[in-house]
Amino acid sequence: MPETINVNGQPQTFDGDGDMPLLWYLREKLDLTGTKFGCGMGLCGACTVHLDGQAIRSCLTPVSTAFGRDITTIEGLSEDGSHPLQLAWIRHRVPQCGYCQAGQIMNAASFLATNPSPDRDAVDQAMQGNICRCGTYNRIKAAILDVAGTESEDMA
């Protein structure tokens, strides 16, 4: 029996194996390729999306978990890339290779929704599960603190 998942505000029908990782459904069935496959074990955060507003690892989440719920991917964070975090990412020149950036932004967005005025330590703790092999951690932190309005200096 087909199930419905709301992806980026649009109802989608799923009629397949509910054990399929959500990441594959998003990338392969819906062609939402902004969400990346990294480690496949939930350790790097490249596959981070929102499930009802909470950051989750889509490589570990069975698509059945999303039935009747809301999924937001990087494509759905804003229609035109104007989300404050996306603009801060540009302002602070965060991306290098860019592979982890969608997951980083999605994790940061979920974090700021629950803690809109974090300090550096809170940002470090919230983002420690998202790995950047280019080592842009200082720029990521600066962008998040910039959006939070708690600090705007470029720490790169």
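Tyr 99 lies in the loop between α3 and α4. The model is a predicted one, and this loop is a good place to enter it. Tyr 99 has a relative accessibility of 37%. It counts as partly exposed because buried means under 20% and exposed means over 50%. Tyr 99 also has company at the surface. Together with Trp 24 and Phe 37, Tyr 99 forms a nonpolar patch. The accessible area of the three residues together is about 270 Å².

Stay in the loop for a moment. Arg 93 is also placed between α3, which covers 84-91, and α4. Its phi is positive, near 50°, and Arg 93 is a residue other than glycine. Is Arg 93 buried or exposed? Arg 93 is exposed, because its relative accessible area is 52% and the cut-off for exposed is over 50%.

The loop leads into helix α4, residues 101-114. This helix has 14 residues. From the first C-alpha to the last, α4 reaches 20 Å. That is close to the 20 Å expected at 1.5 Å a residue. How many of the residues of α4 are buried? The count is 12 of 14, so the helix is mostly covered, with buried meaning under 20% relative accessible area. The buried residues run from Gln 101, Ala 102, Gly 103 and Gln 104 through Ile 105, Met 106, Asn 107 and Ala 108 to Ala 109, Ser 110, Phe 111 and Leu 112. The list includes polar names such as Gln 101, Gln 104, Asn 107 and Ser 110.

Now turn to the strands. Strand β3 spans residues 48-51. Thr 48 and His 50 point one way from β3. Val 49 and Leu 51 point the other way. All four of these residues are buried.

β3 has strand β4, residues 54-57, as a partner. The two run antiparallel and are joined by 4 bridges. Within this pairing, Thr 48 stands opposite Arg 57 in β4. Strand β5, residues 70-72, also pairs with β3. This pairing is antiparallel too, over 2 bridges. Here His 50 stands opposite Thr 72 in β5. Thr 48 and His 50, which point one way from β3, thus appear in these two pairings, Thr 48 facing β4 and His 50 facing β5.

What links β3 to β4 along the chain? The two strands form a hairpin with 2 residues between them. Asp 52 sits in that turn. Asp 52 has a positive phi of about 50° although it is not a glycine. Asp 52 counts as partly exposed, because its relative accessibility is 40%.

The last stop is the aromatic residues. A search of the whole structure finds 3 aromatic pairs. One of them joins Phe 14 and Phe 67. Their ring centres are 5.8 Å apart, and the planes meet at 40°, which makes the pair tilted. Where do the two residues sit in the chain? Phe 14 belongs to strand β2, residues 10-14. Phe 67 lies in the loop between β4 and β5. The pair links distant parts of the chain, 53 residues apart.

The two rings differ in cover. Phe 14 counts as buried because its relative accessibility is 4%. Phe 67, at 23%, counts as partly exposed. Tyr 25 joins them: Phe 14, Tyr 25 and Phe 67 form one aromatic cluster.

Terms used. Residues numbered from 1 in each chain as written. Predicted model: local features only at pLDDT ≥ 70, side-chain atom pairs only at ≥ 80, totals over all residues. Heavy atoms only, no water. Expected span 1.5 Å × (residues − 1). Buried < 20%, exposed > 50% of the residue type's maximum accessible area, 1.4 Å probe, protein only. Pairing = 2+ DSSP bridges. Phe/Tyr/Trp six-rings, centres within 6.5 Å; stacked < 30°, edge-to-face > 60°. Patch = residues over 30% accessible without salt bridge, like charges linked within 9 Å, V, L, I, M, F, W, Y side chains within 5 Å. Areas by Shrake-Rupley, 256 points an atom, 1.4 Å probe, with all protein chains shown as cover. Salt bridge = Lys/Arg side-chain N within 4 Å of Asp/Glu carboxyl O.
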